[in-house]
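Visitor: Hi! I'm new to this one, could you walk me through it?
Guide: Happy to, let's bring it up.
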Amino acid sequence: MPYPPLDVLAIGNAIVDVIATTDEAFLGSEGLVKGSMRLIDAEEATRLYGRMAPGRETSGGSAANTAAGVAALGCRAGFIGRVAPDQLGEVFRHDIRALGVHFDSPAGAEEPPTARCLILVTSDAQRTMNTFLGASQHLHADDLDHELIRSAAILYLEGYLWDPEAPRAAMRVAIETARNAGRKVAFTLSDGFCVDRHRSDFRTLIESGAIDILFANEDEACSLTRTDSFDSAADWLEGKAEVVVITRSEKGAVVLAGGERHPVPAAPVTHIVDTTGAGDLFAAGFLAGLAQNRELPVCAHMGAIAAAEVISHYGARPEADLKALVASLS
């Protein structure tokens, strides 16, 4: 039986976020750099988890957060990712399905366990992320549901998943399946450190024309293009994809498309609590706008509103009614 069509299908790391507040002293005692992201092994994940203050556990991962945001905005979203048959795997599966995201990827082997990201949030809303990739980095091309990929108008991929060889190969296969079906492919650079590791691959992928919609923040764009100038980075990226979206934190975002640049201001935020997931939710708002056939500046406004909502509380999933928040843009 064919799947009902999806607006967005995301492929990425299936991670359970464990979010807890902390202070500078704790970060110092652990030798952690505030605001950084590092990869850790299973032993370190167990040790650090035992030292953290009580936290909240929710399904996470960059592309999964975007899928959740797309669903919250009333669009049809799906996700492909790998979990283990363990407690955190069930947490991930239950949470993402409860948000209305189609997720039926079968669990893998018991080892390695489901991925988790231990997020330490300081009073200035900076998050220090300690990620154990676990089962998520063992996504293989054989795990892909090609019928599901062909059913989605947009395939959305996260750069974070580019690190391990097997998921990288799986994403290349997914891109081929989507393009052969006449679907759009969206890609997010994810993180400056990720760009540093895979700059050559990312540039080749972008210059090949495989990416229709590219998301990057200003730092990632500058890292990709080896420049310290936003304008120089934008000049290089312009025309490399049908749509390029560069976010600039409190400066808003710029959309590059059709030889034009559309600057969009950031949405106002009364109090920033936790910046986890801001880029993920911006992408969700933008992609939902595309699915609703809105003009590109309106799509970016939707992204800005979704990002502003998620940074106003702990966690990378929206808590307010995003559809109501963007209703004024109709």
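Guide: One term to start with: strands here are DSSP runs of E, at least two residues, numbered from the N terminus. Two strands pair if DSSP finds at least two bridges between them. Keep in mind that this is a predicted model.
Visitor: Okay, so which residue is the bridge partner of Ala257?
Guide: Glu260, which sits in β13.
Visitor: And how many bridges join β12 to β13?
Guide: There are 5, and β12 (residues 253-257) runs antiparallel to β13.
Visitor: What sheet do those strands belong to, and in what order do they come?
Guide: An open sheet of 8 strands, ordered β5-β1-β8-β9-β10-β11-β12-β13, with mixed pairing. At the edges are β5 (77-80) and β13 (260-264), each of which pairs on one side only. From one strand to the next, the twist averages 20 degrees.
Visitor: Which strands does helix α3 lie across?
Guide: Helix α3, residues 62-72, lies across β1 (6-11), β5 and β8 (152-158). Its direction is at about 165 degrees to β5.
Visitor: Switching topic: how many cavities of 30 Å³ or more are there?
Guide: The structure has 1, with a volume of about 30 Å³.
Visitor: What lines it?
Guide: The lining consists of Gly81, Arg82, Ser105, Pro106, Leu139 and Asp143. By class, that gives 2 nonpolar, 2 polar and 2 charged residues.
Visitor: Last one: what does UniProt place at residues 51-318?
Guide: The unreviewed UniProt entry lists "domain: Carbohydrate kinase PfkB" there. Over that stretch the chain is 40% helix and 20% strand, and the end C-alpha atoms are 28 Å apart.

How values were computed:
Residues are numbered from 1 along each chain as its sequence is written. This is a predicted model: local features need pLDDT of at least 70, side-chain atom pairs count only at pLDDT 80 or more; totals for chains, interfaces and linings use all residues. Side-chain values use heavy atoms; hydrogens and water are left out. On a 1 Å grid over the protein atoms alone, a cavity is a set of points where a 1.4 Å probe fits but cannot get out, and a pocket is an open set with protein on both sides within 12 Å along at least five of seven lines; lining residues have an atom within 4 Å of a point. Grid points are joined across faces, edges and corners, and a volume is the space filled by probe spheres set on the points. Ala, Val, Leu, Ile, Met, Phe, Trp, Tyr, Cys and Pro count as nonpolar, Asp, Glu, Lys and Arg as charged, and the others, Gly among them, as polar. UniProt positions are given in the numbering used here, feature names are shortened, and annotations may be inferred rather than shown by experiment. Helices (H or I, at least four residues) and strands (E, at least two) are DSSP runs, numbered from the N terminus. Axes are lines fitted to C-alpha atoms, for helices over the stretch in contact, and angles run from 0 to 180 degrees between N-to-C directions. Contact means heavy atoms within 4.5 Å.
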